[in-house]
Amino acid sequence: MRLDGRVVVVTGGSRGLGKAMVCAFAEQGANVVIASRKVDNCVALADEVTDRFGVRALPVACNVGDWRSCDELVERTHHEFGKIDVLVNNAGLSPLYPSLDQVSEALFDKVVGVNLKGPFRLSALACAQMAQDGGGSVINISSLAAIRADGTSLPYAAAKAGLNALTEGLAQAYAPSVRVNAIQCGPFLTDVAAAWSPEVKKEASQRVALGRCGEANDIVGAALFFATPASTYCTGTILRLDGGAR
């Protein structure tokens, strides 16, 4: 599970699942690029990671829904480190809306931009360079909503379904040197869940075989598996990480 000298880019990396993965990669010796729209949070985590683990940590402001911003993230990483070994497409959002007929074009485009367009652009750039450099790994953070959509987050569910398709397509396009896999998450108690009512949390837990929602660190084992040679014969895989949700 060691990642000494590897360079790992994590979008949405300053909090929640992203922060847990950044810390796990750094603990295993990786240099990390922490990308998020709020660069101050990235800077704070970069300082923490460097102090705790003695690796290099680069904070980068990036809106993955913007094509140019994705290009700049890849260019900045290559300027600082000369390579990308692992890309984690973790940034995502799912704004609330009153009803489907009141979903605005701007909201729809924003959700698709962050959850699908950004991962496509970043993966295309990173995979092409990984292939030239001898290989690498892309990890897409998907959602159970991709296969169990409902009316409360339909644009998000559709974008994550697209991300699943993107995972399989990229795995074929950049084989055999680049592996592309996805972690399909169930209910996790990250920052977003802070807005959930006690009733919503209880209902979510009751739909999970393990009887609880996930904590941020529950993603670490799966992320390390896909980032390291432990998964050397695994590509195009969509791993359900949902505690047995039904």
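A residue counts as buried here when its relative accessible area is under 20%. Keep that cut-off in hand as we walk through this predicted model, starting with one residue that sits well below it.

That residue is asparagine 89, found in strand β4, which covers residues 86–89. Its relative accessible area is 2%, so asparagine 89 is buried. What does it touch? Setting aside neighbours within four places in sequence, asparagine 89 is in contact with Thr11, Pro119, Leu122, Ser123, Val138, Ile139, Asn140 and Ile141. Not everything on that stretch of chain is in reach, though: alanine 128 comes 39 residues away in sequence, and its C-alpha lies 16 Å from that of asparagine 89.

Carry on past β4 and you enter the loop that leads to α4, where you'll find aspartate 101. Is this one buried or exposed? With a relative accessibility of 68%, aspartate 101 counts as exposed, since the bar for that is over 50%. If you want a feel for distance, try threonine 167: it is 66 residues from aspartate 101 along the chain, and the two C-alpha atoms are separated by 30 Å.

Now for the helices. Two packed helices are described by the angle between their axes and the distance between the axes. Let's use that on three pairs, two of which involve α4.

Take α3 to begin with. This helix runs over residues 67–81, which makes 15 residues, and it reaches 22 Å from its first C-alpha to its last, close to the 21 Å expected at 1.5 Å a residue. Right after α3 comes glycine 82, with a positive phi of about 85°. Which residues of α3 are buried? They are Ser69, Cys70, Asp71, Leu73, Val74, Thr77 and Phe81. An α-helix has 3.6 residues a turn, so residues three or four places apart point the same way. You can look for that spacing in the list while you turn the model around. The buried residues of α3 pack against three strands, β1 (7–11), β2 (31–36) and β3 (57–61), and also against α4 (105–133).

How do α3 and α4 sit together? Their axes are 9 Å apart and the packing angle is about 30°. Angles under 35 degrees count as roughly parallel, and that makes α3 roughly parallel to α4. The crossing of α3 past α4 is right-handed. On the α3 side, the contact is made by Trp67, Cys70, Asp71, Leu73, Val74 and His78; α4 brings Lys117, Gly118, Phe120, Arg121, Leu122, Leu125, Gln129 and Asp133. Sorted by class, the residues of this contact come out as 7 nonpolar, 3 polar and 4 charged.

Helix α4 has another partner in α5, made of residues 154–173, with an angle of about 10° and axes 8 Å apart. The two helices are therefore roughly parallel to each other. From α4 the contact takes in Phe108, Val111, Val112, Asn115, Leu116, Pro119, Phe120 and Ser123. From α5 it takes in Pro155, Tyr156, Ala159, Lys160, Gly162, Leu163, Leu166 and Leu170. The classes here are 12 nonpolar, 3 polar and 1 charged.

Stay with α5 for a moment. Its 20 residues should span 28 Å at 1.5 Å a residue, and its end C-alpha atoms are indeed 28 Å apart. The buried residues of α5 include Tyr156, Ala159, Leu163, Leu166 and Leu170; Lys160 and Asn164 are among them too. Besides α4, the buried residues of α5 pack against β5 (136–143), β6 (178–185) and β7 (238–241).

The last pair is α1 (residues 16–27) and α7 (residues 220–227), whose axes come within 10 Å and cross at roughly 55°. That makes α1 oblique to α7, and the crossing is right-handed. Here Ala20, Met21, Ala24 and Phe25 of α1 meet Val220, Ala223, Leu224 and Ala227 of α7. What kinds of residue are these? The contact has 8 nonpolar, no polar and no charged residues.

One more stop, back in a loop. Threonine 190 is found between β6 and α6 (198–206). Its relative accessible area of 21% means that threonine 190 is partly exposed. Beyond its neighbours within four places in sequence, threonine 190 is in contact with Gly16 and Leu17. Glycine 214 is 24 residues from threonine 190 along the chain, with 8.5 Å between their C-alpha atoms.

Methods: Residues numbered from 1 in each chain as written. Predicted model: local features only at pLDDT ≥ 70, side-chain atom pairs only at ≥ 80, totals over all residues. Heavy atoms only, no water. Axes fitted to C-alpha atoms, helices over the stretch in contact; angles between N-to-C directions. Helix = DSSP H or I, 4+ residues; strand = E, 2+ residues; numbered from the N terminus. Parallel < 35°, antiparallel > 145°, perpendicular 65-115°, else oblique. Left-handed = near helix turned anticlockwise from the far one by under 90°. Contact = heavy atoms within 4.5 Å. Nonpolar A, V, L, I, M, F, W, Y, C, P; charged D, E, K, R; others polar. Expected span 1.5 Å × (residues − 1). Buried < 20%, exposed > 50% of the residue type's maximum accessible area, 1.4 Å probe, protein only.
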